[in-house]
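Subject: The structure for you to look at

Hello,

Here is the structure I promised to pass on. Have a look at it first, and then read on for what turned up in it.

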Amino acid sequence: MLYLTEDQVRALLPMAECVRLMRETFDALRDGSAQNQSRRRLVLPTGSMLHAMAGSIGKYFGTKVYSAHAKYGAYFFFHLFDAETAKPLALMQANYLGQIRTGAASGYATDVLADPQASTVGLIGSGFQARAQIEAILAVRAIREVRVWSRSEEKRRKFAEECSAAFKISVKAADSAEEAVRNADIVATATWAKDPVIESAWVKDGAHVNAMGSNQATRREIPADLVNRATLIAVDSIEQAKIESGDLLLAWKPEDWQTSRLIELKDAAGSKHPPGITIFKSNGLGVEDVSAGGFVYERASSLGIGSALPGFE
C-alpha cells in the first residue's frame with residue numbers, strides 16, 4: 001500500500017491530464033459505470049468538522065476524508081481501494097488532489113458550456129483555488145487576458161504577477177470586482193465569501209460562469225438574479241446541490257428545482273443549450289477524487305514513487 005505526500009501528488013497530476021480525467025468521469029456517470037456518494041459532515045460543538053465523500057469508477061473505489069476548523073485549518077486524506085478485491089492500494093495527502101480536480105472540473109465545464117471563441121476571464125479570488133481555475137480554463141480555451149480582483153490589493157497584484165509569469169499570458173489586477181467581471185467571456189468565482197461577490201448586471205449575455213467557492217447551504221458567491229437570468233445551470237450532482245449549494249438554495253423555492261434550465265454536468269456534453277448565460281455550480285464529487293487518485297496511484301507505481309506503509313503488503 002503506497003503512501004504519497006502532497007508534493008508527490010502535485011507532481012504526478014498535471015492539470016491538462018486531470019481535465020481529461022474529468023471528461024472520462026462525467027462520461028462514466030452518464031453511462032452508469034461510475035457511482036458517487038454525496039458528502040456527509042459530522043459537526044462538533046468545538047467547531048471542528050469531519051467531511052467524507054466517496055465514489056467508484058473503473059478499477060477503483062475510494063473515499064476522501066478531511067477534518068476542518070475555521071480557526072485551525074483543514075487536513076485532507078484520500079484512500080484508494082481495488083474495486084475487484086477491496087484491497088487497500090494507496091493513502092495520499094489530498095489537499096492538492098482536491099485543488100487540481102476542482103479546477104479540472106471547471107475546465108471540463110468550460111469546455112462544454114463556454115463560447116468556443118472565449119478569450120477573456122474575470123476572476124474573483126486570488127487564493128488556493130483561483131490559480132487552478134486559470135490553469136484549467138487555459139487547458140480548454142485560448143485565453144488572452146485574465147482580470148483578477150480580491151479584497152487584498154497586495155495579494156491580487158502578487159497573484160497577477162506570478163500567474164502572468166507562470167502561464168505566459170496577461171493577468172491583470174483589477175481595481176474592483178466590477179472591472180474584473182464586466183465584459184468577460186468567462187467569469188470564475190473562487191472565494192470564501194458568504195454573500196455574493198459579483199452582480200448580475202456586470203455579467204454580459206453569452207458569458208459562462210464557474211462558481212466554485214461555496215459548498216455550504218448558507219453561503220453563496222453569485223446573486224439570485226444572476227441564477228434566475230441564466231439560460232442553463234449545470235451542477236456536478238443535483239442530489240448534492242440540494243444539500244449544499246447555497247448559490248441555488250438561497251435563490252430558489254423548492255418548486256424552482258424542477259426547472260428544465262437545471263442539468264447535471266454529465267448531461268451537458270454534446271447537448272444544445274439556448275443562447276445566454278451559462279453557469280456551472282461546482283460542489284465537488286467523491287468520484288472525481290477516485291478518478292484523479294487512481295491516475296496518481298498508477299503513475300506513482302510505474303515510476304517507483306511513494307513509500308510503503310508498514311503492515312500492508
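The largest nonpolar core in this predicted model has 51 residues. Leu13, Leu80, Leu97, Leu265 and Val296 are the residues with the most contacts inside this core. Helix α3 supplies the largest share, with nine residues. If you would like one place to start looking, try Leu13: leaving out residues up to four places away in sequence, Leu13 touches Cys18, Leu21, Leu97, Ile100, Ala292, Phe295, Val296 and Arg299. Two of the names from the list above, Leu97 and Val296, turn up again among the residues that Leu13 touches. There is also a second core, separate from this one, with 30 residues; Ile124, Leu226, Val235 and Ile277 are among them. As a general point, nonpolar side chains tend to be buried together in soluble globular proteins.

Next, the sheet. Seven strands make up an open sheet with mixed pairing, and their order is β2-β3-β4-β5-β6-β1-β15. At the edges are β2 (34-43) and β15 (307-308), each of which pairs on one side only. Inside the sheet, β1 (residues 2-4) and β6 (residues 88-93) run parallel to each other and are joined over three bridges. To find this pairing on your screen, look for Leu2, which stands opposite Ala90 in β6. Helix α10 (residues 286-303) lies across β1, β2, β3 (49-57), β4 (60-69), β5 (73-82) and β6, and its direction makes an angle of about 70° with β3.

One residue of strand β4 deserves a visit of its own: His69. Is His69 buried or exposed? With a relative accessibility of 18%, His69 counts as buried, because the cut-off for buried is under 20%. A polar atom of the His69 side chain lies 3.0 Å from the backbone oxygen of Thr46. Setting aside neighbours within four places in sequence, His69 is in contact with Thr46, Gly47 and Ser48.

Now for the charged side chains. In general, side chains of opposite charge can pair when their charged atoms come close. How many salt bridges does a search of the whole structure find? The search finds 21.

Asp111 is a good one to follow, as it has salt bridges with both Arg23 and Arg141. With Arg23, the N to O distance is 2.6 Å. Asp111 lies in helix α3 (residues 95-113) and Arg23 in helix α2 (residues 15-31), so this pair ties together parts that are 88 residues apart in sequence. With Arg141, the closest N and O atoms are 2.9 Å apart. Arg141 sits in the loop between α4 (128-138) and β8 (145-149), so its pairing with Asp111 in helix α3 ties together parts that are 30 residues apart in sequence. As for exposure, Asp111 is partly exposed at 27% relative accessibility, and Arg23 is partly exposed at 28%, whereas Arg141 is buried at 9%.

Another pair to look up is Arg182 and Glu178, whose closest N and O atoms are 2.7 Å apart in a salt bridge. Both partners are partly exposed, Arg182 at 35% and Glu178 at 31%. Finally, Lys64, Arg101, Glu288 and Asp289 are joined in a network of salt bridges.

Happy browsing, and do write back with any questions.

Best wishes

Terms used: Residues are numbered from 1 along each chain as its sequence is written. This is a predicted model: local features need pLDDT of at least 70, side-chain atom pairs count only at pLDDT 80 or more; totals for chains, interfaces and linings use all residues. Side-chain values use heavy atoms; hydrogens and water are left out. A salt bridge is a side-chain nitrogen of Lys or Arg within 4 Å of a carboxyl oxygen of Asp or Glu. Helices (H or I, at least four residues) and strands (E, at least two) are DSSP runs, numbered from the N terminus. Buried means under 20% relative accessible area, exposed over 50%, partly exposed in between (1.4 Å probe, protein chains only). Two strands pair if DSSP finds at least two bridges between them. Contact means heavy atoms within 4.5 Å. Axes are lines fitted to C-alpha atoms, for helices over the stretch in contact, and angles run from 0 to 180 degrees between N-to-C directions. A polar contact is a pair of N or O atoms within 3.5 Å; within protein, one must be able to donate a hydrogen and the other to accept it, and residues adjacent in sequence count only if both atoms are side-chain atoms. A nonpolar core is a set of buried Ala, Val, Leu, Ile, Met, Phe, Trp, Tyr and Cys residues joined through side-chain atoms within 4.5 Å.
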